[in-house]
Amino acid sequence: MDTCIINTPLGYTQITGDINGIAAITILDSKEETTKIIPESLKDCATQLNEYFEGLRKTFHLKLNPHGTDFQLKVWNQLQNVPFGKTISYLDLSKQLGDAKAIRAVANANGKNPLWIVIPCHRIIGSDGNLTGYAGGLHRKQWLLQHESPYKQQSLF
């Protein structure tokens with residue numbers, strides 16, 4: 001597996017993958033040295049992530065290769081249908097997958113998503129509209145949702 005580290009507005013991010021696709025995109029909680037020469041298999045991913053953070057990209061076009069159970073893969077696949085700038089609840093996601101009672105299993109699979117941002121688990125919120133659970137921290141989830149929002153908060157000063 002090839003690996004690289006890029007710097008993003010939310011911290012250092014590790015990308016892992018190979019010719020079979022991107023297997024993981026992980027936000028790191030420590031300061032890391034960025035990769036000087038990005039492996040060919042990861043260049044497109046690094047470019048698309050940078051475009052996303054620059055506000056130039058709303059969708060990703062990458063070959064993905066996440067590893068998980070059949071159920072997790074099903075949830076992660078469904079997450080990719082939540083459009084940029086939109087949110088849905090865990091309950092809505094469970095219903096879309098055909099079983100409203102599977103909400104805990106769906107939330108668990110959502111939390112194990114190995115492809116930060118590209119599979120947009122940050123777009124899933126609580127039924128009451130609150131931000132709940134996010135492996136990268138709720139401050140990052142809030143930042144991502146604000147970044148994608150068509151309604152930008154203006155500074156008063």
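Here are some worked exercises on the predicted model shown above.

**Exercise 1. Work out how the chain is built from helices and strands, and in what order they come.**

Solution. Start with the tally: the chain has five helices and five strands. Next, walk along from the N terminus, and the pattern reads β-β-β-α-α-β-α-α-β-α.

**Exercise 2. Decide whether the radius of gyration of the chain agrees with that of a compact globule.**

Solution. Step one is the yardstick: for 157 residues, a compact globule would come out near 15 Å. Step two is the chain itself, which has 16 Å, so the two agree. For a feel of the dimensions, the C-alpha trace spans about 50 × 45 × 25 Å along its principal axes. Now look at burial and surface: 45% of the 157 residues count as buried, and the accessible surface is about 9000 Å², with 51% of it belonging to carbon and sulfur atoms. Last, check the contacts between residues at least 6 apart in sequence: 55% of them join residues at least 24 apart.

**Exercise 3. Take apart the largest nonpolar core: which residues touch the most other members, and which elements contribute?**

Solution. A bit of background first: in soluble globular proteins, nonpolar side chains tend to be buried together. Here the largest such core holds 35 residues, and Ile15, Ile25, Leu49 and Trp116 are the ones touching the most other members. Moving on to the elements, two or more residues come from each of strands S1 (2-8) and S3 (21-27), and from each of helices H1 (40-53), H2 (70-79), H3 (90-96) and H4 (103-111). H1 is the top contributor, giving six residues. As for domains, both domain 1 (2-54) and domain 2 (70-148) supply at least three residues to this core.

Now zoom in on Leu49. Skip its neighbours within four places in sequence, and its contacts are Ile6, Ile15, Ile25, Phe60, Ile117 and Val118. Two of these, Ile15 and Ile25, were already on the list of residues that touch the most other core members.

**Exercise 4. Find the salt bridge of Asp29 and explain which parts of the chain it ties together.**

Solution. A search of the whole structure turns up five salt bridges. In the one we want, Asp29 pairs with Arg140, and their closest N and O atoms are 3.1 Å apart. Then place the partners: Asp29 sits in the loop between S3 and H1, while Arg140 belongs to helix H5 (residues 138-148), so the bridge ties together parts that are 111 residues apart in sequence. Finally, compare their surroundings. Asp29 is exposed because its relative accessible area, 70%, is over the 50% cut-off. Arg140, at 8%, is under 20% and therefore buried.

**Exercise 5. Describe the salt bridge of Lys43 and classify both partners by exposure.**

Solution. First, the partner: Lys43 bridges to Glu40, with 3.2 Å between the closest N and O atoms. Both are in helix H1, and being three residues apart, they are separated by about one helical turn. Next, exposure: Lys43 has 39% relative accessibility and so counts as partly exposed, whereas Glu40, at 63%, counts as exposed. One more distance for Lys43: its C-alpha is 9.7 Å from that of Ile15, a residue 28 places away in sequence.

For another pair, try Glu33 and Lys36. Their side chains form a salt bridge at 3.9 Å, N to O, and both residues are exposed.

Conventions. Residues numbered from 1 in each chain as written. Predicted model: local features only at pLDDT ≥ 70, side-chain atom pairs only at ≥ 80, totals over all residues. Heavy atoms only, no water. Core = buried A, V, L, I, M, F, W, Y, C linked by side-chain atoms within 4.5 Å. Buried < 20%, exposed > 50% of the residue type's maximum accessible area, 1.4 Å probe, protein only. Helix = DSSP H or I, 4+ residues; strand = E, 2+ residues; numbered from the N terminus. Domains from an automatic or database assignment. Contact = heavy atoms within 4.5 Å. Rg over C-alpha atoms; globule rule 2.2 N^0.38 Å. Areas by Shrake-Rupley, 256 points an atom, 1.4 Å probe, with all protein chains shown as cover. Salt bridge = Lys/Arg side-chain N within 4 Å of Asp/Glu carboxyl O.
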